[in-house]
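Let's take a walk through this protein together, starting from the overall layout and then stepping inside. Have a look at the fold first, and keep it open as you read.

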Amino acid sequence: MPGGRLTQQERQQIALGLADGVAYAEIARRLDRPTSTITREVMRNGGPTAYRADLAHRATERRTHRRRRAASRSGPQVPEQAHGRDAEAVREYEETLTTVFMQSGMPKMMSRVLVCLYTTDAGNLTASELVQRLQVSPASISKAIMFLESQGLVRRERDDRRRERYFVDDDVWYQATIASARSLAQVVETSRQGVGILGPGTPAATRLENIARFLDFVSESTARAAEQAREVLYTKPDPASGGTAEPGSDRG
């Protein structure tokens, strides 16, 4: 499988594939590239409906130029990697995970901040550390943190030096899933209120009752699955080896 950056010809093939409605995986197969490479390329350059090969190629050249210029002024922004990690591979992975979060509907800056926190072994960073790593303004970090806090995806604490540190907990997705299940439960309750108001048996009331039944089942199943997964699958780092413990190995 070829490595390196996409060529202009490959970008033209991507544009043709998108115009024909070809899936990312099939475009990747034709170019002998990972699907994640195609997904990231399209999402960072306007998305499937606005992607243009020439504009994407020029944008990549500009990003490369800015990155090299910044490195020549102040040195590489990629922090030194622990555990023998490949810095370039880490950077590529961070871009891929950011793209995945963006596809799920999360704004770009919020996705970048969340990925930065996820891929930090400590699981927490200060605002200044995020600014340095992402090369964005403090205001951008503040706005992203406020959004992520509102979604229950991060929390903040003050350290010994009275600096605010932003944390991602190991069970953050458990908390987010439970919150989502509770939101669905509210939709269920409100839908069933509408059944009585619109009149049982009427088309509108029947529609609301079907919505309520479906979401009630999904909400209960989601909450139950989240509880079971948290109990059975949760793992913790092994302090002795720096690796990962077996699922459930720390539970009685």
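What follows goes from the general architecture to the sheet and then to the nonpolar cores.

First, a word on what you're looking at: this is a predicted model. The protein has ten helices and three strands. Reading from the N terminus, the elements go α-α-α-α-α-α-β-α-α-β-β-α-α, so to speak a run of helices before the first strand turns up. As for the surface, about 15,700 Å² is accessible, and carbon and sulfur atoms own 53% of that. Of the 252 residues, 33% count as buried. If you take the contacts with a separation of 6 or more, 49% of them link residues 24 or more positions apart.

Now for the sheet. How are the three strands ordered? They line up as 1-3-2 in an open sheet, with antiparallel pairing. Strand 1 (124–126) and strand 2 (155–158) sit at the edges with a single partner strand each, so each has one side that lacks a neighbour in the sheet. Direction ignored, neighbouring strands are turned against each other by 35 degrees on average.

Let's look at one of those pairings. Strand 2 and strand 3 (residues 164–167) run antiparallel and are joined by four bridges. To find your way in, pick Arg158: its bridge partner in strand 3 is Glu164. Helix 7 packs on this sheet, where it touches strand 1 and strand 3. The direction of helix 7 makes about 90 degrees with that of strand 1.

On to the inside. In soluble globular proteins, nonpolar side chains tend to be buried together. Here, the largest nonpolar core has 23 residues, and the ones that touch the most other members are Val113, Leu114, Leu130 and Leu148. Which helices each supply at least two residues of this core? They are helix 5 (87–103), helix 6 (108–118), helix 7 (127–134), helix 8 (138–150) and helix 9 (172–198). Helix 6 gives the most, with six residues. Helix 7, then, both packs on the sheet and feeds this core.

Zoom in on Leu148 for a moment. Once you set aside neighbours within four places in sequence, Leu148 is in contact with Met106, Met110, Val113, Leu114, Leu153 and Val154. Val113 and Leu114 should ring a bell from the list of core residues that touch the most other members.

There's also a second, separate core, made of twelve residues, among them Leu18, Val22, Ile27 and Ile38.

Methods
Residues are numbered from 1 along each chain as its sequence is written. This is a predicted model: local features need pLDDT of at least 70, side-chain atom pairs count only at pLDDT 80 or more; totals for chains, interfaces and linings use all residues. Side-chain values use heavy atoms; hydrogens and water are left out. A nonpolar core is a set of buried Ala, Val, Leu, Ile, Met, Phe, Trp, Tyr and Cys residues joined through side-chain atoms within 4.5 Å. Buried means under 20% relative accessible area, exposed over 50%, partly exposed in between (1.4 Å probe, protein chains only). Contact means heavy atoms within 4.5 Å. Two strands pair if DSSP finds at least two bridges between them. Axes are lines fitted to C-alpha atoms, for helices over the stretch in contact, and angles run from 0 to 180 degrees between N-to-C directions. Accessible areas come from the Shrake-Rupley method with a 1.4 Å probe; for residues, only the protein chains shown count as cover.
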